[in-house]
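Work through the exercises below with the structure open. Each task is followed by a solution in steps.

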Amino acid sequence: LVRAAQTPPLRPVDVIDADPVALDDPEQKFLAAIVLALREQNTDNAIAHALAHLTAHPKNPALLNLIGALYLQKQDDRSAEKYLIQASRIAPQDPKIINNLACVALLRRSYKLAATQLAAWSRKHAPGFAEYYYNMALAAFEQDDHQAAETYIDLADGLEHLVDTAVLRVLNSYKQFGAEAAEAVATQMLERFPNAVILYFYRGGMRTMGQPSRTKILEAILDISHAIRLEPQNRYFALAYTFFVKNIGFEDYNADQAGILGQVITMPGVDLVMLANPWQTLFVKSPGWRDVFDQIETLDLEAANAAIYTLKADGHLTAPFVLNGLRTMPLRFAHCEKLLALFRQAYLNRTLAAPETIDDADRAFMAALGCLCHTNEYAFYVSADETSALEQTMAQFKSKPRDLTMLLVLNMYEPLTNLLNEAAIGDWRDQPLLTQAIRQQIDEPAQERALMPTIPTLTPINDDVSKMVEAMYMENPYPAWKSVNHSGNTDHLFLDPDRNRRIQVLIAGCGTGHHAISTALMYRNLQIMAIDLSKRSLAYAKRKTEEIGLSNIEYAQADILELGSLKQRFDVIESVGVLHHLADPLKGLDVLLGLLKSRGLFRLGLYSETARAAMVAARQAVADMGYASTPEGIRQFRHDVLNNPTTHPAAKIILSGDFYGISVCRDLVFHVQETRYSLPQISEILRTRGLAFRGFSLDHGPMEDFRKMYPGGQDDHNLDAWHKFEQNNPDTFANMYQFWAQKIT
Ligand SMILES: C[S@@+](CC[C@H](N)C(=O)[O-])C[C@H]1O[C@@H](n2cnc3c(N)ncnc32)[C@H](O)[C@@H]1O
């Protein structure tokens, strides 16, 4: 939010619209190049032009200030300060330079210092520009002096209407008077700036604060949809949309929302798992599909086959919204699974009995469904009829290895690695329907195999349970994730005043890297070490890390129990969903605590006995009924549960998203080792280890419910109060107890 004041003002119209190459005057050429770079939002380019110009004009304070301001935009406080200090030596009274130096302090979150710098100067001179008051307002806002902030906001507005000031007014009003008042202010500000997309974003945000009604959430979705329509490439908007819709089911099909959702799921930096629920609620109501889902309870193979023809004739089978979703989304609805498994079987039978009836539209659909089957690791049940049809198809494919239809059908049951040898893969590389499958099923696993030997081993694995757990996650790396939320910009983690020190983080039991990568994407000043038992999981993590372009995560194989030998100490240790898989979780906890610096932060994720009740029943059923912990055993278990959704002892787990894939289901109820906890136990564990509880990572909803029972915020860190709350709301920690603690010894 820091608002730098730039000089020279980049205004002259002839310069703004000029092509820098065509200009003769070096001064104009320079300005035009800068304007162009800024318009393209390429700050690095703008800085490069400005630095090149500086060699000819090393003592020009306006130019030095401009460079400082550009570095502020990049949040590079050190470089900004360097140039601004040079500028201020030459022109000590220049108000814009002083303003920008205060911005350096704002960026360092030294709000008092920033306010003092600005105030000292304004006692001598009347500030004549809005940025000055804006920054004063920001400093006051950040120090929770919201009345003063409002006064400065009014002063800034009196000089110039800036959109940033309008945004700050909305946020300040939220802090002072709550979300409803802030929403009204946002509406007012939108009258002043009808084209300021960012205000739709903030108004949407205000509408989802607290415990919003469904109507409010839908209004927020409309706001953010409007912003996305105006700026389709803006990742913040796509992310906000994702957070607004993630818990909402659409009651009816809405073409507009299908369009926006379809656009958002193609954006990089969006965690598609979060969109699975809204996508499926639209899918089951979408044109054509709604009629099929209306008969889902009684639908059989013949009716499914007929439905394919009808959907195809009306163009619904291959609607982009449908195909994009199947290609990218994990499936999480029992009804969708039933329908798509029947469609898969119908295509298998037709490939054998009437291959001439299968056309390009069918093949496009099968290719997309093949991707979905790969996403869930072929979790759909395969009946005896299908097995024999598959054997026949396989035999035919061997004699007709260029038959695309057969390959697509088989690929809905097995990965390409099982179907094609290396030479044959090359023959299919130019087939667009197989591009995604070849990337995900052939190329990416090959990259992971190549990466595995590059991962160092830090400790031996001696413990028997660790060995079993390693074997399990070598077979099924968890989770097989595809995407992670990130805005493309990283923030700075402020743990201590030295902003430029690298914060040392240990992710213990990092699995396939989703956790380590999302942490690295959040903060730019971290150095992360991520360890796990499973080299296959680590190789997956390393491939994704390289794909995203991160360089501050180091992966290594290690057993937490053996990590005591490590010399390094950490500011932050995170271990989520890991320690409860150790034979003695507290032994692991103590090893990790030995690696945490004094005052260091610990983030833990442990199973809740209360919230896991349904999973405990399911685990018992798995043990009693003797399901094997293999893909076949898991498929059989899932089939039995889905076919007996009211009577199977594990039936409740149909509601868990993790039921819908092989490795996630294995982790959910087939795990070789798990321990569960209650909050009084956790409280005792923390107390005896000199750890202070610092709060749960929880969604807004349960947090607000808790504050209804315990108003005022003073019980937010009181585990007795949380225990009582959990007894009344047993599903609160369905996603584990995830909390922060701090080492106070
Ligand atoms: C359920 S996964 C969670 C992965 C990751 N933390 C996440 O939340 O996505 C548990 C992971 O802990 C790892 N793990 C279990 N026991 C471990 C141990 N003793 N040392 C290191 N890693 C361990 C497993 O290999 C597995 O990858």
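**Exercise 1. Follow strand β5 to its antiparallel neighbour.**
Task: State which residues form β7, how many bridges join β5 to β7, and in which sense the two run.

Solution. The model is a predicted one.
Step 1. Strand β7 covers residues 737–743 and is joined to β5 by six bridges.
Step 2. The two strands run antiparallel.
Step 3. One position to check is glycine 605, which stands opposite glutamine 738 in β7.

**Exercise 2. Now take the parallel neighbour of β5.**
Task: Describe the pairing of β4 with β5, and determine the hand of the unit that they make with helix α29.

Solution.
Step 1. Strand β4 spans residues 570–576 and β5 spans residues 596–606. They pair in the parallel sense over six bridges.
Step 2. Within this pairing, serine 575 has leucine 604 of β5 as its bridge partner.
Step 3. Helix α29 is made of residues 585–595, and β4, α29 and β5 together make a β-α-β unit that is right-handed.

**Exercise 3. Place these strands in the sheet.**
Task: Give the strand order of the sheet and explain why one side of β3 and of β6 is left without a neighbour.

Solution.
Step 1. The sheet is open and has seven strands, in the order β3-β2-β1-β4-β5-β7-β6, with mixed pairing.
Step 2. Strands β3 (553–557) and β6 (691–696) stand at the edges; each has a single partner strand, so one side of each has no neighbour in the sheet.
Step 3. On average, neighbouring strands of this sheet are turned by 20 degrees against each other, direction ignored.
Step 4. For the contact between β1 and β4, start from residues 503–508, which form β1. Three bridges join β1 to β4, and the two strands run parallel. Here isoleucine 507 stands opposite glutamate 574 in β4.

**Exercise 4. Analyse the ligand site.**
Task: Which residues come nearest to the ligand, and what classes make up the shell around the ligand?

Solution.
Step 1. The ligand has 18 residues around it, of which Gly509, Asp532, Asp559, Ile560 and Val576 come nearest.
Step 2. Take the polar contacts in turn. An oxygen atom of the ligand lies 2.6 Å from a polar side-chain atom of aspartate 532. An N or O atom in the side chain of aspartate 559 is 2.8 Å from a nitrogen atom of the ligand. For valine 576, a polar backbone atom is 2.9 Å from a nitrogen atom of the ligand.
Step 3. On its own the ligand has 590 Å² of accessible area, and the protein covers 94% of this.
Step 4. By class, the shell holds eleven nonpolar, four polar and three charged residues.
Step 5. Helix α26 (residues 464–475) gives the largest share of the shell, three residues.

**Exercise 5. Check two backbone details.**
Task: Find where proline 479 lies and what phi glutamine 75 has.

Solution.
Step 1. Proline 479 lies in the loop between α26 and β1. The peptide bond from tyrosine 478 to proline 479 is cis, with omega near -15 degrees.
Step 2. Glutamine 75 is not a glycine, yet has a positive phi of about 60 degrees. Glutamine 75 lies in the loop between α4 (61–73) and α5 (77–90).

Definitions and conventions:
Residues numbered from 1 in each chain as written. Predicted model: local features only at pLDDT ≥ 70, side-chain atom pairs only at ≥ 80, totals over all residues. Heavy atoms only, no water. Pairing = 2+ DSSP bridges. Helix = DSSP H or I, 4+ residues; strand = E, 2+ residues; numbered from the N terminus. Right-handed = clockwise from strand over helix to strand, strands pointing away. Near = heavy atom within 4 Å. Polar contact = N/O pair within 3.5 Å; in protein donor to acceptor, adjacent residues only side chain to side chain. Areas by Shrake-Rupley, 256 points an atom, 1.4 Å probe, with all protein chains shown as cover. Nonpolar A, V, L, I, M, F, W, Y, C, P; charged D, E, K, R; others polar. Axes fitted to C-alpha atoms, helices over the stretch in contact; angles between N-to-C directions.
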